Amino acid sequence: MLQQPRQPLGFGPELRRLRLARGFTLGRLSALVHYSKSQLSKVERGLKAPSTQLARLCDTALDAGGSLAASAPSFTLSSPTPEPVSDEGETWLMRLDPTGDASFESVPRRSVVAAGAASVVPLGRPAPRTDSSTVLHTARSLFAHYRSLGQSAGPHLVLPPLIAQTHTLRSLAHQADLRSRNGLLSLASRYAEYIGWLVQETGDERGALWWTDRAVELAEEGGDHGLAAYALVRRALVTLYRGDAAQTVELARRARRLAGSDRVRGLAAQREAQGHALAGDRRSCMRDLDAARELLASAARSADEDARSQTPVIGSSTLADPVSMITGWCLYDLGLPAEAAQVLDRQTAALPAHALRSQARYGIRRALAHAAAGEVDHACALVQSLTAATDSVASATIRTDLRRLAHVLRRHPTRSASELAPWLATHI
C-alpha cells in the first residue's frame, strides 16, 4: 500500500505562531474553521497531518496570505502528464492521505515499478471476459446514481468510484465485440467528462481539462465524434469562471461550428451568451439565449443518437428550464441584479429537493443578485438556508460567488451580514 504523505516540518509551529500573533485561542480558531480544538491541537503539535482543506481554512482565518496553506501537504485529484509509451502501458495511481482525501494521476507503468509502488490500477491489462451488454446496462444505471450522489456530496467522495468505473469500462471495451466496444467506450467518455466537471469543482482547472481531453479520446475511440465540440463548451466554463469574456465567447463559437447535434449547439449558444453577459453586451447575450432555447427545444423533440443509444445526456440533468436559469445568471453579470433576482427566484423554486449542488450554486447566485439589488437582509437569509447544502457539496466554483457576495456585504454592514460573516470567512 502507498505510504501516506507526512506533515512538512514546521507547519504545526507556524500555525501556532500565527494563531497566537492574531490573539486567537484554539477555541476561536476552531469556531472559524469548523474543526475541533482537539484536532487543531494535534496538528499544531505535529501529531496529525493537516488536510489541504484545513490548511486553507486556517490560512484564511489567520490572514496568512497563502503562506500557511502552501506549507501543507498538497493533494490534487489529477494533473496533466505526458502520454505513456504505447508498449509499456498506462497506470492510474491513487494516493490516500490521513484524512481520507484521494489523488489520482496517470503515469507510465515503468515509473510505478521503479518507485516500488503498489495498490495501482493498470490500464490495458486483459480483464476476465464477461457479458458486455450486462455490464453496459449496469454501468448506465450506476452513472445515474453517481450523478445523483454528486448533487449531494463533495467531489472527494464521488471521484474514486467514478475513476475506477471508467477504468473498468475502458478495459472491458478492449475485449468486447465491435458494437459492445463502442457502447462501452462512449459511456466511459461520459464518465470521464463528468469526472472533469467534478475535478473543476475542487478548484483544479488543469485536472478538469485533462479529464475532459481523456473523455474526448474515449469517445473518438468508440466512434462518438460529438464530444469534441462539447469539450470546448466545458473549456469555456473554465474561462468563464476566470472572468475571461473574450475567450469564453471564442470557445463557445468554435463549439457551435463543430457541433453535430442541436443539444451541443444549444449548450454552446448558452455558454456564448454567458460570455457576452460578462463583457456587458446585452444584445448579443439575449440573441444567443434565444438561439439556445430554440436549439435545446429542438433537441428535446428529436430522437437523437444519444436517446436511441441510451447514452447519458450531455450537460445538466437537474434544471427544468436551463436557459431561463442561465438568463438569470446573465442578467446579474449584465448589471441588472433586481431582474436577475426575479428570474432566479422562479427557477430555483423548481430545483429538485435532492439536487443540493444545484440548489447551492444557483441559490448563492440568487442571494448575490438580491444583495446587489439592495436587499441585504433577504440575501443573508437565503444564504443561511443554504449553508448546509454548500458545506455538503464543497464546490470551488460556488466559492467564486461567495467571494463576490462577501464583497457586497462588506459595503452593507447590517446585523444579518455580521452574523453571516464568520461562515462566509471560512468559504472564500
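These are my notebook entries on helices, cores and aromatic contacts in a predicted model.

**Entry 1: the nonpolar cores**

I began with the largest nonpolar core. It holds 65 residues. I then asked which residues have the most contacts inside it. They are L162, L169, L184 and Y191. Next I looked up which helix gives the most to this core. That is helix α9, residues 178-201, with 11 residues. I also found a second, separate core, made up of 29 residues. L331, I364, A406 and L420 are among its members.

**Entry 2: Y191 and its surroundings**

Y191 came up in the core list, so I looked up its contacts, leaving aside neighbours within four places in sequence. Y191 touches A139, L142, F143 and Y146. It is also in contact with L162, Q165, T166 and L169. Two of the top core residues, L162 and L169, therefore appear again here.**Entry 3: aromatic pairs**

The count comes to six aromatic pairs. I took F143 and Y191 to start with. Their rings are 4.8 Å apart, centre to centre, with 45° between the planes, and the pair is tilted. Where do the two residues sit along the chain? F143 is in helix α7, residues 132-150, and Y191 is in helix α9. They are 48 residues apart, and the pair links distant parts of the chain. Both F143 and Y191 are buried.

I turned to Y194 and W197. This pair is stacked, at 6.0 Å centre to centre and 20° between the planes. Both residues lie in helix α9, three residues apart, or about one turn of the helix. Are they buried or exposed? Y194 has 7% relative accessibility and counts as buried. W197 is buried too, at 19%, because the cut-off is under 20%.

I checked how these rings group. F143, Y146, Y191, Y194 and W197 form one aromatic cluster.

**Entry 4: arginines over rings**

I looked for charges over ring faces. R147 lies over the face of Y194, at 5.9 Å from the ring centre. R365 lies over the face of W329, at 3.9 Å from the ring centre.

**Entry 5: helix α16**

W329 took me to helix α16, where it is one of the buried residues. The helix runs over residues 322-333. I compared its length with the expected span. Its 12 residues should span 16 Å at 1.5 Å a residue, and the end C-alpha atoms are 17 Å apart, which agrees.

How many of its residues are buried? I found 11 of 12, and α16 is mostly covered. The buried ones include V323, M325, I326, L331 and Y332. S324, T327 and D333 are on the buried list as well.

I then asked what covers them. The covering elements include α11 (227-242), α13 (262-279) and α14 (282-301). Also among them are α17 (337-348), α18 (356-372) and α21 (396-410). After α16 comes G335, with a positive phi near 85°.

**Entry 6: T212**

My last stop was T212, in helix α10, residues 205-221. T212 has 3% relative accessibility and counts as buried. What lies by its polar side-chain atom? The backbone oxygen of A208 is 2.9 Å from a polar atom of the T212 side chain. Leaving aside neighbours within four places in sequence, I noted contacts of T212 with A231 and R234.

How values were computed
Residues numbered from 1 in each chain as written. Predicted model: local features only at pLDDT ≥ 70, side-chain atom pairs only at ≥ 80, totals over all residues. Heavy atoms only, no water. Helix = DSSP H or I, 4+ residues; strand = E, 2+ residues; numbered from the N terminus. Buried < 20%, exposed > 50% of the residue type's maximum accessible area, 1.4 Å probe, protein only. Polar contact = N/O pair within 3.5 Å; in protein donor to acceptor, adjacent residues only side chain to side chain. Contact = heavy atoms within 4.5 Å. Core = buried A, V, L, I, M, F, W, Y, C linked by side-chain atoms within 4.5 Å. Phe/Tyr/Trp six-rings, centres within 6.5 Å; stacked < 30°, edge-to-face > 60°. Lys NZ or Arg CZ within 6 Å of the ring centre and 35° of its normal. Expected span 1.5 Å × (residues − 1).
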